[in-house]
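Subject: Structure handover

Dear colleague,

Please find below the structure for your review. My notes on it follow directly after.

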Amino acid sequence: MKPEALSESFARSFPSEVETLETPFEIPQYRVKPESLRVVLQFLKQQGYTMLLDIGGVDYHPKSPRFEVVYHLLDIQSNDRVRLRCSPQDEDPVVPSVADLWASAAPAEREVFDLFGVRFSGHPNLTRILMPDDWEGYPLRKDYPLRGPRDEVEAKFAAERNRYYAPKLAGDL
Amino acid sequence: MAKLDPSQLPLEHIDPRGYRVEESADDRMVISVGPHHPSTHGVLRLILELDGETVVDCVPEIGFLHTGIEKNAEALTWEQAITVIDRMDYLSPLSNNLAYVLAVEKLLGVEAPPRATYIRVLLMEIQRMASHLAWLGTTGLDLGAQSIFFYAFDMREGILDIFEEVAGARMNPSYIRIGGLAKDVPENFNAIVAEYLGKFPNRLADLEAILNDNPIFLDRIRRIGRISPEKAVAYGLTGPTLRACGIDYDVRKAFPYLNYAEFDFDVPVGTHGDVYDRYHVRMRELKESHKICCQALDRIPKGDWKIQDRKLTLPPKEEVRQSMESLIHHFKLVSYGIDVPVGEVYASVESPRGEIGYYVVSSGKNRPWRVRTRPPSFYHTFALPEMIQGELVADMVAVIATVDPVFGEVDR
């Protein structure tokens with residue numbers, strides 16, 4: 001489906017749910033509210049976007065809305081890609097799961113949950129995937145220290161820390 | 001930080017399926033393959049439920065090689081991040097470099113000069129050959145054809161020697177940089193590449209002679225590990241694994257990057273999506289890559305190998321010794337790096353395993369705000385159960401081998 005046709009059909013079918021963002025680089029992008037995400041993705045799947053390329057998370061802390069879950073879809077017949085961006089609420093972020101629509105969504109959603117703490121309601125097995133099961137905290141959040149919890153413990157020995165990882169070295173020049 | 005305890009989640013979040021294998025029926029057996037098992041090609045753990053020799057269920061477990069590369073990249077400057085991103089897909093580091101660099105170049109709105117572009121294409125295809133040769137060797141080893149392993153790795157050695165000559169490093173060259181290359185190729189580049197490419201077809205024919213008509217090998221790879229095209233798309237498979245099912249999706253053709261549109265090459269496609277087809281698609285890809293390399297080698301133009309913009313790429317060392325201005329540029333680039341305009345961009349390339357994409361978010365500073373990788377092997381790993389269920393345990397090895405996951409990329 002071509003980007004123009006897609007924008008039109010969005011405007012027709014989901015006037016209030018989908019917000020069209022500008023397209024600086026090739027892939028048209030849209031912002032979707034979490035509550036209507038499933039309907040929109042289902043619609044896209046019917047329109048020929050049969051492959052869910054990727055689900056990724058972004059943490060815009062300290063901005064609000066803080067989290068963003070980014071979906072990349074591909075129409076494998078006509079080679080068109082589309083990006084959906086969905087911002088759940090800051091406290092206790094929850095996004096509906098699409099694991100039943102695409103098999104590839106299940107592990108990808110687990111990864112976003114693991115690294116950002118965004119929960120996917122209705123996911124069949126929402127457990128940690130990269131980090132150990134008993135890990136505390138969500139490593140890719142911006143308020144998570146680079147070297148993990150030990151960064152906070154060792155803060156008083158700042159001078160002994162590896163210079164390469166000193167958080168503000170490069171930016172302060 | 002709000003902490004979430006998985007045990008406190010409502011019950012509907014927890015899959016009884018994930019635990020079913022732990023409490024199996026009496027006549028079934030649960031075994032754990034890996035994470036330290038030679039045929040898992042890295043650190044994959046598969047929990048298999050067996051009925052006799054048949055695999056009834058399979059649950060992949062990953063994360064043993066998680067090194068936080070995406071988190072590290074956020075703490076490094078745009079240019080430094082190349083070196084950690086390099087280490088994701090360690091059998092094909094240049095495709096990581098290229099996808100990331102293309103994303104950053106898109107944000108910056110610049111394009112590498114023609115000489116750099118042709119060299120990038122050439123090296124990418126040589127890299128694909130190296131990666132496929134490593135795959136061929138390990139696959140042969142897994143399936144009992146041991147001599148293939150030595151021949152294929154010997155051939156791969158020749159490519160690593162080229163990389164050593166070009167970039168100084170054999171495994172993680174970090175050679176593709178923002179705005180061009182790390183340095184120009186050496187004077188003898190054309191000669192050594194031409195020599196290697198000249199020898200390649202005959203040596204590959206030798207390997208094919210060992211395998212293609214070998215009845216033992218064919219018996220082991222035919223009609224196993226099938227996946228239907230619909231399932232393959234639903235699981236997000238890309239690259240040779242998808243093309244073996246008959247779908248000719250190749251990023252080089254679908255969304256041409258660099259100047260792939262200029263080159264004459266075919267995209268090999270299979271029909272059944274089984275191990276046999278995946279083997280043949282990869283073997284034919286080796287020849288197609290060789291074709292592209294030969295074309296690119298003749299076309300490399302003279303000229304700049306990086307953008308001559310002192311705010312973006314390092315000035316030549318001789319100039320730094322002479323000119324104050326250049327010294328300042330050099331210092332600024334090395335210590336602070338470059339500011340990249342605000343934006344989000346997705347760039348993908350065809351790596352030997354499939355579509356590797358980078359979703360890069362910039363906040364306008366000298367460090368990436370977020371580098372999200374779309375790792376092809378990650379999705380391939382979670383499609384393994386679909387291919388392994390119903391097969392024999394011995395065939396599991398063949399399936400993993402031809403899907404060719406690289407765990408540096410899966411776990412990042």
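Chain B has an average pLDDT of 87, and 94% of its residues score at least 70. Please bear in mind that this is a predicted model. Of the elements of chain B, β7(B) has the highest mean pLDDT, at 93, and α1(B) the lowest, at 46. The pLDDT falls below 50 over residues 10–24 of chain B, although this stretch has 18 contacts in the model beyond near neighbours in sequence. Where pLDDT is low, the predicted coordinates should not be read in detail. For the complex, the predictor reports an ipTM of 0.85 and a pTM of 0.88.

Interface between the chains

Between the two chains, 47 residues of chain B are in contact with 41 residues of chain A. On the chain B side, the elements that contribute two or more residues are α1 (16–20), α2 (69–75), α9 (229–234), β6 (343–350), β7 (355–362), β8 (368–374) and α15 (376–381). By class, this side of chain B comprises 23 nonpolar, 12 polar and 12 charged residues. Two of the elements just listed call for a remark on confidence: α1(B) has the lowest mean pLDDT among the elements of chain B, and β7(B) the highest.

Sheets of chain B

The strands β6, β7 and β8 of chain B form an open sheet of three strands in the order β6-β7-β8, with antiparallel pairing. Its edge strands are β6 and β8 of chain B, each of which pairs on one side only. From one strand to the next, the twist averages 15°. β7(B) and β8(B) run antiparallel and are joined by six bridges; B:V360 has B:V371 in β8(B) as its bridge partner. Helix α4 (residues 93–108) of chain B packs on this sheet and touches β6 and β7 of chain B, its direction making about 145° with that of β6(B).

A further open sheet of three strands in chain B has the order β1-β2-β3, again with antiparallel pairing. Here the edge strands are β1 (29–33) and β3 (54–61) of chain B, each pairing on one side only. The twist averages 20° from one strand to the next. Strand β2 (residues 45–51) of chain B is joined to β3(B) by seven bridges, and the two run antiparallel. In this pairing, B:L46 has B:P60 in β3(B) as its bridge partner.

A helix pair in chain B

The axes of helix α5 (residues 114–142) and helix α12 (residues 275–299) of chain B come within 9 Å and cross at roughly 155°. Because angles over 145 degrees count as roughly antiparallel, α5(B) is roughly antiparallel to α12(B). Their crossing is left-handed. Among the residues of α5(B) that meet α12(B) are B:Y118, B:L122, B:M129 and B:W135, and the α12(B) side includes B:R282, B:L286, B:C293 and B:R299. The contact of these two helices has 11 nonpolar, three polar and five charged residues.

Backbone features of chain A

Two cis peptide bonds deserve your attention. One joins A:H61 and A:P62, with omega of about 5°; the other runs from A:S64 to A:P65, with omega near 0°. A:P62 is found in the loop between β3 (51–59) and β4 (67–75) of chain A, and A:P65 also lies in the loop between β3 and β4 of chain A. In addition, A:D92 has a positive phi of about 50° although it is not a glycine. A:D92 is placed in the loop between β5 (80–86) and β6 (94–96) of chain A.

With kind regards

Note on methods:
Residues are numbered from 1 along each chain as its sequence is written. Chains are lettered from A and ligands numbered from 1 in the order in which they are written. This is a predicted model: local features need pLDDT of at least 70, side-chain atom pairs count only at pLDDT 80 or more; totals for chains, interfaces and linings use all residues. Two residues are in contact if their C-beta atoms, placed from the backbone, lie within 7 Å. Helices (H or I, at least four residues) and strands (E, at least two) are DSSP runs, numbered from the N terminus. Ala, Val, Leu, Ile, Met, Phe, Trp, Tyr, Cys and Pro count as nonpolar, Asp, Glu, Lys and Arg as charged, and the others, Gly among them, as polar. Axes are lines fitted to C-alpha atoms, for helices over the stretch in contact, and angles run from 0 to 180 degrees between N-to-C directions. Angles under 35 degrees count as roughly parallel, over 145 as roughly antiparallel, 65 to 115 as roughly perpendicular and the rest as oblique. A crossing is left-handed if the near helix is turned anticlockwise from the far one by less than a right angle, and right-handed if clockwise. Two strands pair if DSSP finds at least two bridges between them. pLDDT is the predictor's confidence in each residue, from 0 to 100.
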